[in-house]
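Trainee: I should be grateful for a close look at a single part of this protein, with some account of its surroundings. Might we take one helix and follow it outward?

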Amino acid sequence: MKSFLLITVLGVLLLGSGCETPSYSGSGPFRAVQPQVRTVSGDQKTVFYAAQKALKRMDFVLTRTRLARGQVEGISNLRDTVVFGAARQFELKVTLADLGANQTEVAVRLFEQSEADFKGGASNRALAEHGLYDSFFANLEQLLKESAKDGETTTP
């Protein structure tokens with residue numbers, strides 16, 4: 001009788017807890033890292049191509065580009081760390097939203113993937129702050145200024 005009551009209570013608790021699984025960003029206990037967002041001058045197509053060029057200037061390899069969805073993604077080369085046999089790589093995900101009036105919202109999220117040659121294993125974590133955010137936005141602004149001066153759409 002006691003086991004039946006225990007099973008019933010556990011079942012009710014499981015059903016009441018819901019089915020949603022939180023996504024883990026690696027930056028805190030189940031806390032998502034918000035993207036860094038800036039508004040730039042330029043239509044979405046121009047900013048899309050400028051974002052691709054900005055990533056290439058930073059020695060990132062483009063992994064996914066979708067003009068219709070306003071997505072640009074790239075990864076850096078593998079970088080060695082101080083620990084022998086360990087490596088890390090950065091992934092930058094850019095999302096564009098057309099605000100009209102020749103304005104585009106640029107949202108950027110940076111992920112660090114690291115892997116060790118021993119017990120540590122692999123990890124993937126979103127970074128809230130890093131110098132690569134500033135580098136990307138500086139390159140993007142520079143490219144948009146150049147394309148505005150030339151009066152043309154920046155293509156990769």
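Mentor: Let us begin on one side of helix H3, where Lys-145 and Lys-149 are exposed. Please bear in mind throughout that this is a predicted model.

The opposite side of the helix reads otherwise. The buried residues of H3 are Leu-132, Tyr-133, Phe-136, Phe-137, Asn-139, Leu-140, Leu-143, Leu-144 and Ser-147. Viewed down the axis of H3, these buried residues fall within an arc of 160°, so they line one face of the helix. To count as buried, a residue must have under 20% relative accessible area, whereas an exposed residue has over 50%.

The length of H3 can be checked as well. With 20 residues at 1.5 Å a residue, H3 should span 28 Å, and its end C-alpha atoms are 29 Å apart, which agrees. The expected figure is 28 Å because the span is 1.5 Å times one less than the number of residues.

What, then, covers the buried residues of H3? The cover includes S1, H2, S5, S6 and strand S7, the last being residues 122-127. One residue of H3 shows this in detail. Leaving aside residues up to four places away in sequence, Phe-136 touches Ala-51, Ala-54, Leu-55, Met-58, Leu-92, Val-94, Val-106 and Val-108. Of these partners, Ala-51, Ala-54 and Leu-55 are buried residues of H2.

Phe-136 also has a place in a wider group. The largest nonpolar core has 26 residues, and those that touch the most other members are Leu-92, Val-94, Val-106, Val-108, Phe-136 and Leu-140. The elements that give two or more residues to this core are H2, S5, S6 and H3. In soluble globular proteins, nonpolar side chains tend to be buried together.

Helix H2, which covers H3 in part, deserves a brief look of its own. H2 comprises residues 44-57, and its 14 residues should span 20 Å at 1.5 Å a residue; the end C-alpha atoms are 20 Å apart, in agreement. H2 is mostly covered, since 10 of its 14 residues are buried. Gln-44, Thr-46 and Gln-52 are among these buried residues, as are Val-47, Phe-48 and Tyr-49. The buried residues of H2 pack against H3 and also against strands S1, S2, S3, S5 and S6. After H2 comes Asp-59, whose phi is positive, near 65°.

Strands S5 and S6 cover buried residues of H3 too, and the loop between these two strands holds Ala-101 and Asn-102. Although Ala-101 is not a glycine, it has a positive phi of about 55°. Asn-102 is likewise not a glycine, and its phi is positive at about 60°. Ala-101 counts as exposed because its relative accessibility is 76%, while Asn-102, with a relative accessible area of 48%, is partly exposed.

Finally, let us place the helix within the whole. The protein has three helices and seven strands, and from the N terminus on its elements run α-β-α-β-β-β-β-β-β-α. Of its 156 residues, 32% count as buried. Among contacts between residues at least 6 apart in sequence, 51% join residues at least 24 apart. The accessible surface comes to about 10100 Å², and 54% of that belongs to carbon and sulfur atoms.

Terms used
Residues numbered from 1 in each chain as written. Predicted model: local features only at pLDDT ≥ 70, side-chain atom pairs only at ≥ 80, totals over all residues. Heavy atoms only, no water. Helix = DSSP H or I, 4+ residues; strand = E, 2+ residues; numbered from the N terminus. Buried < 20%, exposed > 50% of the residue type's maximum accessible area, 1.4 Å probe, protein only. Contact = heavy atoms within 4.5 Å. Areas by Shrake-Rupley, 256 points an atom, 1.4 Å probe, with all protein chains shown as cover. Core = buried A, V, L, I, M, F, W, Y, C linked by side-chain atoms within 4.5 Å. Arc of directions from axis to C-beta.
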